[in-house]
Amino acid sequence: MQFLDQCKIYLKSGDGGRGAMSFRREKFIEFGGPNGGDGGRGGDIVFAAAENLNTLIDYRYRQHFRAQNGRPGAGRDRTGAHGEDLVLRVPVGTQIMDEDNQEVLADLIRPGERLVFMKGGDGGFGNAHYKSSTNRAPRRADPGWPGREAWVWLRLKLIADAGLVGLPNAGKSTFLAAISHARPKIADYPFTTLKPQLGVVRLHDEEFVLADLPGLIEGASEGAGIGTRFLGHVERCAVILHLVDGTLDDVAGAYRTIRDELAFYGHGLAEKPEIVGLNKLDAIDPEAVSTKCRELQHAAGLAASVRPLSGATSAGVPDVLEALLVALSRARAGKDDDAVVETERLVHMP
């Protein structure tokens, strides 16, 4: 399945049906009076967050979506049928942006969530609506109200518990393949990962989703390489696992490169809990491991913990997964506390 995380589409809700102008014509009824019915309401544009989707590829080859128009009214006080709503299924984590791709109009982050994004136009009144004691035979029937239309951007930010970041060829795909059933492309050259890969990790009867994001390079936050497009996926992660290639001479410099890009991008990426892994332990001289760990720890500071590991041999991997699980438990507990505070605030609002 192809991965697509942003696209531009045209939306139009249904037009309302026209009201009818009709009079009752029956034998032996001299003054039948008006009986034109109202038009039907146009269909809505509805977005539904589907849990079993992880790409926007369905909207790549079809960009125009129109809801059904309402049917016109008819005589005998018959109201026109309402237009059917158009339901667009999108992955959980999809944002709806304005035409300029700047303002977030909606954010679908819960499975099964439904959002009426555009209401259909109301149907026009038939002449029976205008009958009164002073206007016994109105000859007015209104057209239906037009539906709304707009170009919008859909932007997908994958929802994962932890995000795997690092320079190209840091061993992220190898690590993901070692701890989950995901099968990302693995090769001995950089940029083998061109789209985010998700893997489900199970540990101690618990599980969490780990996202392998394409390798970042210096200047990614300004558009260099392919990282700028995928930095948004890190926003959804509660914890960052930062892998550093242990075979590099300057491991601290490699660490700072990624940290600078996260800080330049903003959106709170630099403040997320971080676990640093010195990868490719199997290819490093044992005497140099402790030295490089100290260099990384000095660069990361006290806020992050450095753990040596090898995705190829699984050495040190259980320790990293344990640290990830602890960090995720703390992050989830913090979210639960925030949810309680928010609920209380809403309940006590006057």
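Colleague: Leaving aside neighbours within four places in sequence, which residues is H242 in contact with?
Modeller: The model is predicted, so local features need pLDDT of at least 70, side-chain atom pairs need 80 or more, and totals for chains, interfaces and linings use all residues. Numbering starts from 1 along each chain as its sequence is written, and side-chain values use heavy atoms, without hydrogens or water. Contact means heavy atoms within 4.5 Å. On that basis the partners of H242 are V165, G166, Y255, I258, R259, E274, I275, V276 and G277.

Colleague: Which side chain makes a polar contact with the side chain of H242?
Modeller: A polar contact is a pair of N or O atoms within 3.5 Å; within protein, one must be able to donate a hydrogen and the other to accept it, and residues adjacent in sequence count only through two side-chain atoms. For H242 the distance is 3.1 Å. The partner is the side chain of E274.

Colleague: Is H242 buried or exposed?
Modeller: H242 belongs to strand 12, residues 239-245. Strands are DSSP runs of E, at least two residues, and helices are runs of H or I, at least four, numbered from the N terminus. Buried means under 20% relative accessible area, exposed over 50%, partly exposed in between, with a 1.4 Å probe and protein chains only. Because its relative accessible area is 1%, H242 is buried.

Colleague: How many of the residues of helix 3 are buried?
Modeller: Helix 3 runs over residues 251-265 and reaches 22 Å between its end C-alpha atoms, close to the expected 21 Å. The expected span is 1.5 Å times one less than the number of residues. The buried set includes Y255, I258 and R259. The count is 11 of 15.

Colleague: What phi does G266 take just after helix 3?
Modeller: Its phi is positive. The value is about 80°.

Colleague: In what order do the 5 strands of the open sheet run?
Modeller: Two strands pair if DSSP finds at least two bridges between them. The pairing here is mixed, and strand 1 with strand 3 is parallel over 3 bridges. In that pair K12 stands opposite R66. The order is 3-1-8-5-6.

Colleague: Which strands stand at the edges?
Modeller: In the 3-1-8-5-6 sheet, an edge strand has a single partner, so one of its sides is left without a neighbour in the sheet. The two are strand 3 (64-66) and strand 6 (104-108).

Colleague: How many bridges pair strand 10 with strand 11?
Modeller: These are residues 197-203 and 206-212, antiparallel. L198 has A211 as its bridge partner. The hairpin has 2 residues between the strands, and H204 takes a positive phi near 55°. The number of bridges is 7.

Colleague: How many residues apart are Y10 and W151?
Modeller: The structure holds 4 aromatic pairs. Rings of Phe, Tyr and Trp (its six-membered ring) pair if their centres lie within 6.5 Å; planes under 30 degrees apart are stacked, over 60 edge-to-face, the rest tilted. Y10 and W151 form a tilted pair, 5.4 Å centre to centre and 55° between planes. The pair links strand 1 to strand 8, across a separation of 141 residues.

Colleague: Why is the pair of F125 and Y130 edge-to-face?
Modeller: The ring centres of F125 and Y130 are 6.3 Å apart. F125 is partly exposed, at 34% relative accessibility. The pair is edge-to-face because its planes stand at 85°.
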